[in-house]
Protein chains: 2
Amino acid sequence: MSTRSFSRGAAAPTLKDLARLAGVSPITASRALHRPELVAESTRLRVQSAAEQSGYVPNSLAGGLTSRQTRLVAAIVPTIGHSLFSDMVGALITALAEARYETTLGISSYDVEHEETWLAAMLSRRPDGVVLTGTEHTMRTRRLLLSADIPVVELWDYIPHPMDAAVGFSQEEAGRAAFHHLRACGYKRPAILRADDSRAQRRAQGFLRAAAELQAPEPVQVVFPEQRPQLGRGREALTALRAKCDHADAVFCSSDALAQGVLAHAHALGLNVPQQLGVMGFGDQALAVDCVPALSTVRIDGANIGRLGAQDLIARMRGGQPEPARDVGFAVIARASTALKS
Amino acid sequence: MSTRSFSRGAAAPTLKDLARLAGVSPITASRALHRPELVAESTRLRVQSAAEQSGYVPNSLAGGLTSRQTRLVAAIVPTIGHSLFSDMVGALITALAEARYETTLGISSYDVEHEETWLAAMLSRRPDGVVLTGTEHTMRTRRLLLSADIPVVELWDYIPHPMDAAVGFSQEEAGRAAFHHLRACGYKRPAILRADDSRAQRRAQGFLRAAAELQAPEPVQVVFPEQRPQLGRGREALTALRAKCDHADAVFCSSDALAQGVLAHAHALGLNVPQQLGVMGFGDQALAVDCVPALSTVRIDGANIGRLGAQDLIARMRGGQPEPARDVGFAVIARASTALKS
DNA sequence: CTGTTAGCGCTTTCAC
DNA sequence: GTGAAAGCGCTAACAG
């Protein structure tokens with residue numbers, strides 16, 4: 001019974017069959033389906049019902065081959081296991097779908113070589129547009145994209161001169177803002193707890209730079225390999241930090257999940273947050289700030305980036321010229337009711 | 001400068017150009033690229049270098065049109081904003097990519113009509129396989145799939161007789177297990193706190209059925225519309241529950257995030273967990289169980305479902321006959337160090 | 001408003 | 001090991 005065989009039984013009806021059924025020429029059938037305004041109402045109806053009767057499913061491979069338009073967008077992200085990216089991708093896919101574009105999704109696992117391999121494969125499907133995450137790519141990736149001659153949007157990072165268009169925020173500035181915030185709250189020795197990915201690294205650079213500019217002591221940095229946001233890392237991270245230095249009075253975490261984990265472990269240690277330890281997150285999770293007495297967070301709106309990115313890409317795919325780079329910024333959020341260390 | 005025009009400048013080289021460059025016929029060039037074993041080593045090399053020089057990018061629209069194979073898989077999930085699904089999709093995409101299939105992702109927002117619309121559009125791309133989430137679909141979805149005559153895998157839910165193949169677990173059983181667990185821990189009046197989606201509803205049914213079977217009082221149920229897992233809902237949910245009934249001594253939450261939120265709010269209320277209130281989650285997040293003294297959780301391995309689903313689909317796309325339905329089950333996890341209500 | 005012709009770029013099938 | 005012919009299913013470009 002459930003041993004289906006996929007035999008391609010009776011050949012699926014083609015446009016020709018449909019046209020015959022409706023008593024028109026193939027091209028008229030095509031127009032009735034895709035450009036109804038070019039066809040008499042009565043014809044349209046006949047074709048339509050013929051399509052329904054015969055169960056006609058258009059073949060967009062053939063269509064795309066002739067029209068040089070696929071309504072396909074190729075998008076790649078490092079992971080969808082992080083809510084920042086999954087929000088972004090979700091919004092992107094949804095916005096593109098509303099404009100009748102479908103999205104093929106690639107996952108790079110933070111690896112530009114994977115990205116390159118994926119892109120090379122994808123380009124053979126002749127997508128109408130490409131979405132990349134970040135602005136670090138291999139030379140071949142750039143070359144391929146350049147000669148493919150299609151719109152490209154780079155999401156997540158803001159840089160003034162992207163390949164084509166970009167929507168995001170400056171990682172460096174986010175890091176600087178975090179440092180300034182912690183200092184303003186009265187913490188003297190903020191440290192960094194972060195995952196080993198290039199964007200977290202750039203935020204850390206901003207953080208360090210801010211410290212240097214203020215002639216503050218250089219913040220200690222604890223880096224661990226796992227990319228996936230792990231609440232469970234909280235204990236580990238905090239332990240590693242204390243092993244490395246015992247005078248840190250605040251931590252800037254590379255994700256909200258990590259911040260949450262740190263918070264939980266701080267509680268377990270009997271450490272008072274935010275009085276004895278400041279905890280700062282990064283991301284879009286309400287939790288650290290709204291539910292639990294974390295100190296503060298750098299808030300990013302991933303969905304907004306995805307939406308704007310889709311918008312820019314669509315405009316370009318239609319031949320428009322939207323702004324090549326948008327800085328959507330970030331927000332430093334502190335919970336009003338939280339007593340800061342004074 | 002960055003006013004790119006997408007002019008399709010010099011026409012991209014086709015297989016014909018490539019063949020001329022290498023001094024062979026188009027078909028030989030094609031074979032050299034895709035079926036090297038059919039071609040002399042020297043020819044292969046010449047074609048290869050011609051490809052590199054000319055920057056040849058194959059056109060798989062044309063290829064797919066003739067070969068009736070696209071190496072494209074169409075997959076749809078309700079959302080990727082929930083780690084259960086994003087893990088599943090991530091594993092699916094990765095496993096398919098390893099077998100050289102690309103994935104186009106749809107997002108249904110828990111709506112079978114969206115799913116239908118998406119599927120109808122996708123089928124015109126002639127995917128080699130389709131992945132759906134769950135087993136509830138419209139009639140037209142089923143009809144389309146049936147006449148498309150391609151392998152289909154339904155993920156997430158286990159049912160004995162799927163459309164084609166299915167990998168998942170029984171929502172009902174998960175709910176029953178949750179109830180039994182809470183009872184075994186000594187809770188007398190467990191309640192349900194859940195989002196309004198059909199799977200959470202089925203788990204609730206299992207929960208209620210278990211209660212009925214044990215002749216326990218019927219558990220109170222609080223349902224709220226938001227689908228996205230929200231820690232912030234914890235307060236709301238707990239308040240609603242207390243308004244509805246004040247004797248519940250445990251809650252089965254429809255997601256780990258919700259459980260976490262409830263936990264946080266319970267702490268805020270000075271409620272002792274698990275002594276005064278049992279909290280049970282559902283999902284894959286370590287947090288509720290490992291970081292915080294939540295009572296327990298029903299643990300699902302989303303990535304595993306994605307991986308197995310990919311495996312089954314690949315086997316079927318290659319013409320094989322894997323098991324039509326796999327129950328991957330779930331695990332009830334209780335934290336050993338947690339004192340249970342006695 | 002409708003039809004004819006031609007061809008998109010590739011691979012299948014058969015022949016050598 | 002290589003090639004010639006044919007055609008996948010559709011739409012662009014023109015003509016009526």
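**Exercise 1.** In this predicted model, state which backbone and side-chain atoms of the protein lie by phosphate oxygens of DNA strand D, starting with A:Leu15.

*Solution.*
1. A polar backbone atom of A:Leu15 is 2.3 Å from a phosphate oxygen of DNA strand D.
2. In chain B, the backbone of B:Ala40 places an N or O atom 3.0 Å from a phosphate oxygen of the strand.
3. B:Arg68 uses its side chain: a polar atom there lies 2.7 Å from a phosphate oxygen.
4. With a cut-off of 3.5 Å for a polar contact, the A:Leu15 distance of 2.3 Å falls inside the limit.

**Exercise 2.** Describe the protein surface near DNA strand D by residues, elements and class.

*Solution.*
1. The strand is surrounded by 25 residues, and A:Leu15, A:Ser30, A:Tyr56, B:Thr28 and B:Arg68 are the closest.
2. Helices α2 (26–34) and α4 (60–67) of chain A, and α2 (26–34) and α4 (60–67) of chain B, each give at least two residues.
3. α4(A) has the largest share, 5 residues.
4. By class there are 12 nonpolar, 11 polar and 2 charged residues.
5. On the DNA side, sugar or phosphate accounts for 68% of the strand D atoms within 4 Å of the protein, and bases for the rest.

**Exercise 3.** Characterise the interface between chain A and chain B by area, contacts and salt bridges.

*Solution.*
1. 56 residues of chain A contact 55 residues of chain B.
2. About 5,100 Å² is buried between the chains, 54% of it on carbon and sulfur atoms.
3. The salt bridge count is 2; one of them joins B:Arg125 and A:Glu102 at 2.7 Å, N to O.
4. Polar contacts link 16 residue pairs, both residues at pLDDT 80 or more.
5. On the chain A side, α5(A) gives the most, 6 residues.

Key:
Residues numbered from 1 in each chain as written. Chains lettered and ligands numbered in written order. Predicted model: local features only at pLDDT ≥ 70, side-chain atom pairs only at ≥ 80, totals over all residues. Heavy atoms only, no water. Near = heavy atom within 4 Å. Polar contact = N/O pair within 3.5 Å; in protein donor to acceptor, adjacent residues only side chain to side chain. Helix = DSSP H or I, 4+ residues; strand = E, 2+ residues; numbered from the N terminus. Nonpolar A, V, L, I, M, F, W, Y, C, P; charged D, E, K, R; others polar. Contact = heavy atoms within 4.5 Å. Buried area = accessible area lost by both parts, 1.4 Å probe. Salt bridge = Lys/Arg side-chain N within 4 Å of Asp/Glu carboxyl O.
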